Amino acid sequence: MTRNLKSLAFVLAVMHVSMIAFADDTVPPPWQRFQPNTTTQEWTFPDPVLQHAADNNSIYWNPNGVPMQLDTSHVGGGIEWLPTRSGRDGIYAVNPGGGMLVFSLPNDPTPRPEKHIWAQITWSVASGTNSVDLVPFGGSEPPVTVEDGTDMGDGWRHSTFSYVLRPNPALEFYQIRNLSNEVLFIDQVVFDTECVPEPASMLALTLGACALAKKRRR
């Protein structure tokens, strides 16, 4: 009975999250969301309280724990929350000189060869130009820019980044840093992740699915 209730809660949670559309989800990840070994988390900064993704109408799908936004107001010139800017509500101003937003995402602790990260960021700078550096992930390997500052037609821009961690850690931190001489304004952040199983695990899953299909046919 308990197992059935847990299964029902799992299905309802997937249905709830999958029915909600992110405001600027214009370049979704190449994998299917809300599947085993994946996570999805979105921040829209509706109030000045530093958020768990579960708070303040933010959305997340992470079976491994609650994603968090960390307090970086004391780092590199700091950050400032704004109630509105350029027709949008809930904005973070990331000051020049090294200011940053930092997020932590709980991960599946099972050792896996690699993890894929997909980040979408809605942003603008005071001059409205595209001359600002966005560094969404710390680490020795730079992210791949999938989409570089697409003009959204309302004074805001949208960038998408892809990144691979080898192997996947149990917990990771992601940075959005302002390396320019202008204030960087952030309106929305969406992180998607996918842990890639070992080849043997993938083979076992495939064989299990085939065996189940064969049993159903019988």
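The following exercises, each with a worked solution, concern the strands, cores, salt bridges and backbone geometry of a predicted model.

Residues are numbered from 1 along each chain as its sequence is written, and side-chain values use heavy atoms, with hydrogens and water left out. Because the model is predicted, local features need pLDDT of at least 70 and side-chain atom pairs count only at pLDDT 80 or more, while totals for chains, interfaces and linings use all residues.

**Exercise 1. Determine how many residues of strand 7 are buried, and which strands pair with strand 7.**

Step 1. Strands (E, at least two residues) and helices (H or I, at least four) are DSSP runs, numbered from the N terminus. Strand 7 covers residues 114-125.

Step 2. Buried means under 20% relative accessible area, exposed over 50%, and partly exposed in between (1.4 Å probe, protein chains only). Of the 12 residues of strand 7, 11 are buried, so this strand is largely enclosed by the rest of the structure.

Step 3. Two strands pair if DSSP finds at least two bridges between them. Strand 7 runs antiparallel to strand 12 (residues 184-196), with 12 bridges joining them; here His116 has Glu194 as its bridge partner.

Step 4. Strand 7 is also antiparallel to strand 10 (residues 157-165), through 9 bridges. In this pairing, Thr122 stands opposite His158.

**Exercise 2. Describe the largest nonpolar core and state which strand gives the most to it.**

Step 1. A nonpolar core is a set of buried Ala, Val, Leu, Ile, Met, Phe, Trp, Tyr and Cys residues joined through side-chain atoms within 4.5 Å.

Step 2. The largest such core has 23 residues, of which Phe45, Leu101, Phe103, Ile186 and Phe191 touch the most other members.

Step 3. At least two residues of this core come from each of strand 5 (88-94), strand 6 (100-106), strand 7, strand 10, strand 11 (171-178) and strand 12. The most are given by strand 7, with 5 residues.

Step 4. There is also a second, separate core of 5 residues, including Leu82, Ala93, Trp156 and Phe185.

**Exercise 3. Find which residues form salt bridges with Glu114 and Lys115, and decide whether each partner is buried or exposed.**

Step 1. A salt bridge is a side-chain nitrogen of Lys or Arg within 4 Å of a carboxyl oxygen of Asp or Glu. The count by this rule is 8.

Step 2. Glu114 meets Arg166 at 3.0 Å, N to O. These two residues are 52 apart in the chain, with Arg166 in the loop between strand 10 and strand 11 and Glu114 in strand 7. Arg166 is exposed at 56% relative accessible area, whereas Glu114 is buried at 18%.

Step 3. Lys115 meets Glu172 at 2.4 Å, N to O. This pair joins strand 7 to strand 11 across 57 residues of the chain. Glu172 is buried, with a relative accessible area of 4%, and Lys115 is buried, with 0%.

Step 4. Elsewhere, salt bridges link Asp24, Arg88, Asp154 and Asp187 in a network.

**Exercise 4. Locate Thr72 and identify what its side chain reaches.**

Step 1. Thr72 lies in the loop between strand 3 (68-70) and strand 4 (79-85). With 5% relative accessibility, Thr72 counts as buried.

Step 2. Contact means heavy atoms within 4.5 Å. Leaving aside residues up to four places away in sequence, Thr72 touches Gly78, Ile79, Met100, Leu101 and Val102.

Step 3. The side chain of Thr72 reaches the backbone oxygen of Met100 at 2.5 Å.

**Exercise 5. Identify where the backbone has a cis peptide bond or a positive phi.**

Step 1. Most residues other than glycine have a negative phi, and most peptide bonds are trans.

Step 2. The peptide bond between Arg166 and Pro167 is cis, with omega of about -15°. Pro167 is placed in the loop between strand 10 and strand 11.

Step 3. Asn37, which is not a glycine, has a positive phi of about 75°. Asn37 is found in the loop between helix 1 (2-18) and strand 1 (38-43), and counts as partly exposed at 26% relative accessibility.

Step 4. Phe45 has a positive phi near 55°. Phe45 is in the loop between strand 1 and strand 2 (59-61) and is buried, with a relative accessible area of 0%.

Technical notes. A polar contact is a pair of N or O atoms within 3.5 Å; within protein, one must be able to donate a hydrogen and the other to accept it, and residues adjacent in sequence count only if both atoms are side-chain atoms.
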